[in-house]
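Visitor: I am new to protein structures and would like to learn how to read one. Could you walk me through it?

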Amino acid sequence: MKNIRNFCIIAHIDHGKSTLADRLLDATGSVTDREKQEQLLDSMDLERERGITIKSHAIQMDYTYKGEQYILNLIDTPGHVDFSYEVSRSIAACEGALLVVDAAQSIQAQTISNLYLALENDLEIIPVLNKVDLPSANPEEVTDDIVDLLGCEASDVIPASAKTGLGIEEILAAIIERIPPPKGKVDAPLRALIFDSVYNPFRGVETYFRVINGSIKKGQNIKFVATNKNYFADEVGTLRLKQFPRQEIKTGDVGYLITGIKEAKEVKVGDTITDAKNPTTEAVPGFEDVKPMVFAGIYPVDTEDYEDLRASMEKLQLNDASLVFIPESSAALGFGFRCGFLGMLHLEIIQERLEREFDMTVITTVPNVSYHAYTHKNKDQVILVNNPSDLPEPSSLDRVEEPYIKATIITKADFVGPVMSLCIEKRGQITNQTYLTTDRVELSFDMPLAEIVFDFYDRLKTVSKGYASFDYSPIGMRASKLVKVDVLLNGNVVDALSALLHVDNAYDIGKKMCEKLRQLIPRQQFDIPIQAAIGAKIIARETVKALRKDVTAKCYGGDISRKRKLLEKQKKGKKRMRQVGNVEIPQEAFMAVLKLND
């Protein structure tokens, strides 16, 4: 056990985490020249294109240091804030972490939030200054920032370049010397932490775990504590680039387990594996069910594709247990699904994967968050509102609570004003402002989650010229004055465009929605009124004018009453047409509501 080291790499997006992992694999000889490729641990095309890690991976490396054989387990973590629970579980499975900071960009919001996660779990932090070979790098300045943040010595910071391979030997030496070996009782009952799972279409769900106490053997009867289900360990082994089956995985090591589970929901990240006959008395702390934060309706463009969409969603759910969906129907869009996502990036990824992997073109309605409503009749009973149409009648409503987040934004001192005004416009309250250096400021806000779901991230990048980094964590529910704004087309409510908005913003957003829809809805043979309403009160109106034939063209000369008569006749016809007329809403209209400020 003393020769095992478990570590993860934490960094902000695009600071070179996956490239550093590639270099470590090269240096330890874990990959052959034939298997080599960029971003080796990112297996999805989508991950490679966007340069982000969506699914975390684990890999074992052998390294000889000063004549001794060491086993290094790299537990990779996703870098994006939507997947912070997975990051926390991966961190809990390690004893140390490489904190990678880009020498050109310095410390960013997610660097700090992931660092706090690592410090909470008492990990040994090894600071690595990456990309020192870039012409725009400021190694001295950024080293000072890291020293201020960690309180370490400047000599502890390892300068490296994952691209050229500079500093890789020093990093490996630091992993072995600075990170403590795993602690655990070899003879205690089995206790292992699940930090990830992947779905294999041939073998079912593969569970990745780290043994804390005891050992897990092939053919053993095991039990998952949170789901309270028993399984038979068909195969256990270690994770190289390919899987290596073993007879036994001992205390402190990391491995995979195949039990033939078909449902991804049965394997929960953060759960504890123990022996069925001799179970452990205490589970690994920190387990929680992953809760979706953002909800949106996903509908097939053609209603006949509903069953295909269901099949595609079920297959995606096998890979991604944090996706939840239930069937729902809408008057405007037909049959579809109400889906829960971890955040906006998660929603984008699911949408993209549906298009790529399953050839499904879908309409996504306006994303919203989950609210808690309370009625006058029963002030203690929570009504979950995932869809604006679930909101009780305004007359019976006592109060509505919405989820709040703590947002951390790090930006240059020049952009503090615009960033603050953007957050205040989004109903944020500033709680803290710290100058990390003379030129870099960390701002903390309490904000409603609903406000960042729309176009917050894009606008933050715009007002800061791309120099702001953003991170958030949920802080619970707070009471808020919310109203349901409906959009009526030709007098009919379009349920897919309804939104729950704060009273102060309802009028502005209602007006903008109407104006946007007027530009996008094609003209018909009759006038189409577009209205925004709160309950029965109309707050904004626009009209799409009718296409009209020039009925007075054949009248030349004569009395005005002849022209008037023809125009009146046309008006009556249009009115009759409007009563039976149907208005088709183009796909762009649903998308446009998301980009009201463009």
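Guide: We will go from the whole chain to single residues, salt bridges and surface patches.

Guide: Before we start, please note that this is a predicted model, in which local features need pLDDT of at least 70 and side-chain atom pairs count only at pLDDT 80 or more, while totals for chains, interfaces and linings use all residues. Residues are numbered from 1 along each chain as its sequence is written, and side-chain values use heavy atoms, with hydrogens and water left out.

Visitor: Which helices and strands should I look for, and how many are there in the chain?

Guide: Helices (H or I, at least four residues) and strands (E, at least two) are DSSP runs, numbered from the N terminus. Here the chain has 14 helices and 32 strands.

Visitor: What share of the residues counts as buried?

Guide: A residue is buried under 20% relative accessible area, exposed over 50%, and partly exposed in between (1.4 Å probe, protein chains only). In this chain of 598 residues, 54% count as buried. For the surface as a whole, accessible areas come from the Shrake-Rupley method with a 1.4 Å probe, and for residues only the protein chains shown count as cover. The chain's accessible surface is about 27900 Å², and carbon and sulfur atoms make up 50% of that.

Visitor: How do I read contacts between residues?

Guide: Contact means heavy atoms within 4.5 Å. Taking contacts between residues at least 6 apart in sequence, 68% join residues at least 24 apart. Try R191, which sits in strand β7 (residues 191-200). Setting aside neighbours within four places in sequence, R191 has contacts that include R210, V211, T272, E282 and P285.

Visitor: Is R191 buried or exposed?

Guide: R191 counts as buried because its relative accessible area is 12%. For another case, look at G334 in strand β19 (residues 334-341). Not counting residues up to four places away in sequence, G334 touches Y299, T303, E328 and S329. The C-alpha atoms of G334 and E304 are 9.9 Å apart, with their positions 30 residues apart along the chain.

Visitor: What can a backbone angle such as phi show me?

Guide: Look at the sign of phi and at the residue type. D359 has a phi near 55°, a positive value in a residue other than glycine. D359 belongs to the loop between α8 (344-358) and β20 (362-364), and D359 counts as exposed because its relative accessibility is 67%. R427 is not a glycine either, and its phi is positive at about 65°. R427 is in the loop between α9 (416-425) and β25 (429-435).

Visitor: Why does R427 count as buried?

Guide: R427 counts as buried because its relative accessibility is 14%.

Visitor: What is a salt bridge, and how many are found in the whole structure?

Guide: Side chains of opposite charge can pair when their charged atoms come close. The rule used is a side-chain nitrogen of Lys or Arg within 4 Å of a carboxyl oxygen of Asp or Glu. The whole structure has 15 salt bridges. In one of them, the side chains of E402 and R427 meet, at 2.9 Å from N to O. This pair links distant parts of the chain, as E402 is in strand β24 (residues 397-412) and R427 is in the loop between α9 and β25, 25 residues apart. Both E402 and R427 are buried.

Visitor: Which salt bridge does E542 form?

Guide: E542 pairs with R518, and their closest N and O atoms are 2.8 Å apart. Here too the pair links distant parts of the chain: E542 lies in strand β32 (residues 537-544) and R518 in helix α12 (residues 503-520), 24 residues apart. E542 is buried because its relative accessible area is 17%, whereas R518 counts as partly exposed because its value is 38%. Salt bridges can also share partners, and in this way D398, R399 and E401 are joined into one network.

Visitor: Where do charges gather on the surface?

Guide: Patches are made of residues with over 30% relative accessible area and no salt bridge, with like charges joined within 9 Å and nonpolar side chains (Val, Leu, Ile, Met, Phe, Trp, Tyr) within 5 Å. Lys and Arg count as positive and Asp and Glu as negative, while His and the chain ends are not counted. The place of a charge is taken as NZ of Lys, CZ of Arg, CG of Asp or CD of Glu. A positive patch on the surface brings together K549, K554, R562, K565 and K569. K569 is in helix α13 (residues 560-580), and K569 is exposed because its relative accessible area is 63%. A negative patch on the surface holds E140, E141, D144, D148, D414 and D439, and E141 is in helix α5 (residues 139-150).
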